[in-house]
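Visitor: I have a model on my screen and plenty of labels to go with it. Could you show me how those labels are earned?

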Amino acid sequence: MSNSSDLFERAKQLIPGGVNSPVRAFRSVGGTPFFTKKANGATLTTADDQDLIDFVCTWGPAIHGHNHPVIREAIAEALNNGTSFGTPNPYEVEMAELLVEMVPSLEKIRMVNSGTEATMTAIRLARGYTKRNKIIKFEGCYHGHVDSLLIKAGSGALTLGNPDSAGIPESLAAETIVLPFNELEAVAAAFEKYSDEIAGIILEPYPANIGLIFPKSGYLQGLRDLCTQFGSVLIFDEVMTGFRVTAGGVQTKEGITPDLTTLGKIIGGGLPVGALGGRAEIMNHLAPLGPVYQAGTLSGNPLAMAAGIASLKLLRDSDAYNRLEKLGTQVKEAISSTLYEIGLPGQIPQVGSMFCLYFTDTPVENLDEATATDTDRFNKYFHTCLENGAYIPPSKYEGNFISTAHDQGGIDQACDIFVNALRSL
Ligand SMILES: *Cc1c(COP(=O)(O)O)cnc(C)c1O
């Protein structure tokens, strides 16, 4: 079989940049991306036959690790009945019931095929419901590659140095109000200025596509209050945080009820799935009940639903979150005590199985502060970890993830790799 560099050469001939999603290209950290030929549990096996302990977890979805036997079994069973029907199917009903049971703010659900589709539909729905045009988003929050939301977005766009994509008409961008995260006064001022034009606010309640940032105390409640006061729709984009932080997402952890929620990643169990849901009164504006059009040939696909249902049930019926929290804390402590010991400036925000490492001596609360952290040091750290068998995200702007398939031995081994990499800087 071909090795990674041969495959990458072939890929570059036919696929722009050799990748089907830009962050995979290692542009930020430099070097050639490896190809993965298989993945099991917490381990990726590269086309060069190197085994890596995986902290990317397919960028979020793989909370049960790779190739989990229960999820495989569920897909195999669904496969016996066919791959797509184009009619309603029983899995969709079970999925909707499960999501509504596990996320308290959801009264109705629509399944789609990606997180991008979910946020795109959520803002259309907010606009259709309120009959207003403007959307507030925050610098560094990533909501997929939706035109209106790809302005000062985090993740890949930021990694490549263009937070604003080409190809988005100014007239459309003008309807997006972009504000710094964690500054409630800026949001209040925007509502003051455009009071009856703001359809909604969309945010990652814990921004996780510029590393990991936490909201200041009272910030999320403040956004909730402003939306209620001005009749705007509060949209929590929990594509990343939903079922990662707790079963009910950041909204449950923080005790805030958004009007709409977008989900993806984990709810697909490794297959392409997204969803939006929320208050029935708003959701009923979607076609065929209401005037806001949305559709999808493969939406609610039986294989994807079966994988997602299995993934969610594994979380519901286990103490996964307690175990993940313990492992997350262990990694945080290993890294932060080493930083202290060697006198290297660093911040390691962590919640449950999510964390990131910023090389800076001050806490990071917004995009500008994340951008100002030490990129060269991060890139060196990344490559040292990779050479020694731990794959962390190839950009300082991405979150790291632990899965239930990471066992104690694997985490101990990874902590040694992280600690040694820090010492070598
Ligand atoms: C990944 C992500 C998206 C986009 O999801 P895709 O499935 O990649 O389209 C949207 N919002 C957030 C918060 C994400 O992390």
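Guide: Let's start with a term: a polar contact is a pair of N or O atoms within 3.5 Å; within protein, one must be able to donate a hydrogen and the other to accept it, and residues adjacent in sequence count only if both atoms are side-chain atoms. Now the ground rules: this is a predicted model, where local features need pLDDT of at least 70 and side-chain atom pairs count only at pLDDT 80 or more, while totals for chains, interfaces and linings use all residues. Residues are numbered from 1 along each chain as its sequence is written, and side-chain values use heavy atoms, with hydrogens and water left out.

Visitor: What makes the ligand and Y142 a polar contact?

Guide: A ligand nitrogen sits 3.3 Å from a polar backbone atom of Y142, and the limit is 3.5 Å. Two side chains pass as well: an N or O atom of D237 is 2.7 Å from a ligand nitrogen, and one of K265 is 2.6 Å from a ligand oxygen. On its own the ligand has 380 Å² of accessible area, and the protein covers 84% of that (Shrake-Rupley method, 1.4 Å probe; for residues, only the protein chains shown count as cover).

Visitor: Which residues are around the ligand?

Guide: They are S114, G115, T116, Y142, H143, G144, E204, N209, D237, V239, M240 and K265. To be near, a residue needs a heavy atom within 4 Å of the molecule or strand in question. The shell divides into three nonpolar, six polar and three charged residues. For that split, Ala, Val, Leu, Ile, Met, Phe, Trp, Tyr, Cys and Pro count as nonpolar, Asp, Glu, Lys and Arg as charged, and the others, Gly among them, as polar.

Visitor: Why is K37 with D49 called a salt bridge?

Guide: The rule asks for a side-chain nitrogen of Lys or Arg within 4 Å of a carboxyl oxygen of Asp or Glu. K37 and D49 have their closest N and O atoms 2.4 Å apart, so the pair qualifies. K37 is in strand β1 (residues 36-40) and D49 in the loop between β2 (43-46) and β3 (51-54), so the bridge ties together parts twelve residues apart in sequence. Helices (H or I, at least four residues) and strands (E, at least two) are DSSP runs, numbered from the N terminus.

Visitor: How do you know whether D49 is buried or exposed?

Guide: Buried means under 20% relative accessible area, exposed over 50%, and partly exposed in between (1.4 Å probe, protein chains only). D49 has 55%, so it is exposed. Its partner K37, at 36%, is partly exposed. D49 also has a phi near 65°, a positive value in a residue other than glycine.

Visitor: What about a salt bridge between buried residues?

Guide: Try D259 and R224, whose closest N and O atoms are 3.1 Å apart. D259 is in the loop between α9 (249-254) and β9 (260-264) and R224 in helix α8 (residues 219-230), 35 residues apart. Both D259 and R224 are buried. D374 and R377 also meet in a salt bridge, at 4.0 Å from N to O. Salt bridges with shared partners join R224, D259, R279 and E281 into one network.

Visitor: Why is the pair F181 and Y219 edge-to-face?

Guide: Rings of Phe, Tyr and Trp (its six-membered ring) pair if their centres lie within 6.5 Å; planes under 30 degrees apart count as stacked, over 60 as edge-to-face and the rest as tilted. For F181 and Y219 the centres are 5.0 Å apart and the planes at 65°, so edge-to-face is the label. F181 counts as buried at 2% relative accessibility, and Y219 does at 3%.

Visitor: How many aromatic pairs does a search of the whole structure find?

Guide: It finds 14 aromatic pairs. One of them is F34 with Y391, edge-to-face at 4.7 Å centre to centre and 80° between the planes. F34, in the loop between α1 (4-14) and β1, and Y391, in strand β13 (residues 390-391), are 357 residues apart. F55, F355, F359, F378, Y381 and F418 form one aromatic cluster.

Visitor: What makes F243 buried?

Guide: F243 has a relative accessible area of 0%, and buried means under 20%.
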